[in-house]
Amino acid sequence: MTGAVERAPRSGSPVEALDHLFAAATDARGTVERRYELAGMPVRVRFAGDAMLERIGGSFAHLEAPGSKHAELTIKVWDAASTGTQAPPVLGTELEADGTGPIYYYDVDGVQALSRWGTLSAYAAPGEGWFWAPSPDRMLSWDWASPLRAILHWWLGRHDILQVHGGAVGTEAGGVIIVGRGGSGKSTTTLACLAGGLRYAGDDYVAMQPRPEPRIHSLYSSGKLEPHQLERFPELEPALANPVRGDQDKAIVYAHARFPEATIAGFPLKAVLVPRIAGGEETRIVPTSGSNALAALAPSTIFQLHPPQENALSEMAALVRQVPSLGLELGTDLGRIPDVIRSYLETA
């Protein structure tokens, strides 16, 4: 998938090897730095040149905080193609292989690393990360649309914040997390709310802080749609990040690029919504059980992030006991979806 890239020999510690490669990349292309605030904490991302910034920066644009000096997390990002550098050495043992190639995981002496989809993510506690790709153009769409996901997962876990698979919309006063399997209407709901005036915290992955009160933090401004769904949201076409894409690729939109005033860094969590495509015209909120909400939230959260946080299941179980779990029966009139959710939030 990625083509052949000469791999650097394994020498010294993983941190030394990664820092050496990043230094070579910045020698070749210079350093471009961006500052963000994620989950209320300052994060610094250092890019070797601007190729990877152009590839992944759109997902974080709504969280830029250029005045921040101190950083709780620093991530170094580079690629082989634009910098002319070698690939990092293989770290860890092979877990399995999927259609994109082998998956390797490493966890030794406070350093974690995951090789998957042709890229490498690494993290050293308490707050240093590295991300490498063979080429920005060869990254898979779900990797560049929700970038640095493994690093953020490991780092957030140290702060008792859980990265979860779900979308989130609301207002400054409070919002909802929308959870469900693919095809359940999760993306349709979040993007309908974006176009309908609610604030958008994410479509696919958000961070959930359980204490002292449940709160949702935005991670990405990207949204994903099946190509046929894009026809239902023509107002999103100016925000398309991949107008030319393969038959199997989802359309990726950057919400912040089209609706900068509609994105939000986070809000108090008022409810868990489980959508279902009902087929009628009207959208309704109906009762559902906490166990149903947990079943919609937990499996994909646990299986899509490696390794899952040890307390992930217990934290999600506690969440559905703390806030209401509701069903969202989606009608065909997309314009009614944000109105129904807004009406609920006004009384929650």
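Two strands pair if DSSP finds at least two bridges between them. The model shown in these views is predicted.

**View 1. The β10–β11 hairpin.** Strands β10 and β11 form a hairpin, with two residues between them. Strand β10 covers residues 167-171. Strand β11 covers residues 174-178. The two strands pair in the antiparallel sense. Five bridges link β10 and β11. Thr171 stands opposite Gly174 of β11.

**View 2. Strand β10 beside strand β12.** β10 also pairs with β12, residues 199-202. These two strands run antiparallel, joined by three bridges. Ala168 faces Gly202 of β12 as its opposite residue. β10 thus has bridges to β11 and to β12. In a regular strand, side chains alternate between the two faces of the sheet.

**View 3. The surroundings of strand β10.** Buried here means under 20% relative accessible area. Four of the five residues of β10 meet that cut-off, so the strand is largely enclosed by the rest of the structure.

**View 4. Helix α6.** Helix α6 spans residues 186-195. Nine of its 10 residues are buried, so the helix is largely enclosed by the rest of the structure. Lys186 and Ser187 are among the buried residues. Thr188, Thr189 and Thr190 are buried too. The list continues with Leu191, Ala192, Cys193 and Leu194.

**View 5. After helix α6.** Gly197 follows α6. The phi of Gly197 is positive, near 105 degrees. Strand β12, which pairs with β10, covers residues 199-202.

**View 6. The whole chain, for orientation.** The protein chain has 11 helices and 19 strands. Its radius of gyration is 20 Å, close to the 20 Å that the globule rule gives for 348 residues, so the chain is as compact as a globular protein of that length. The C-alpha trace spans about 60 × 40 × 40 Å along its principal axes. Of the 348 residues, 55% are buried. Among contacts with a separation of 6 or more, 70% join residues 24 or more positions apart.

**View 7. Surface and charge.** The accessible surface of the protein chain is about 14400 Å². Carbon and sulfur atoms account for 49% of that surface. The chain carries 30 positive and 39 negative side chains. The centres of the two sets lie 2 Å apart.

Notes
Residues numbered from 1 in each chain as written. Predicted model: local features only at pLDDT ≥ 70, side-chain atom pairs only at ≥ 80, totals over all residues. Heavy atoms only, no water. Rg over C-alpha atoms; globule rule 2.2 N^0.38 Å. Buried < 20%, exposed > 50% of the residue type's maximum accessible area, 1.4 Å probe, protein only. Contact = heavy atoms within 4.5 Å. Areas by Shrake-Rupley, 256 points an atom, 1.4 Å probe, with all protein chains shown as cover. Lys, Arg positive; Asp, Glu negative; His and termini not counted. Charge placed at Lys NZ, Arg CZ, Asp CG, Glu CD.
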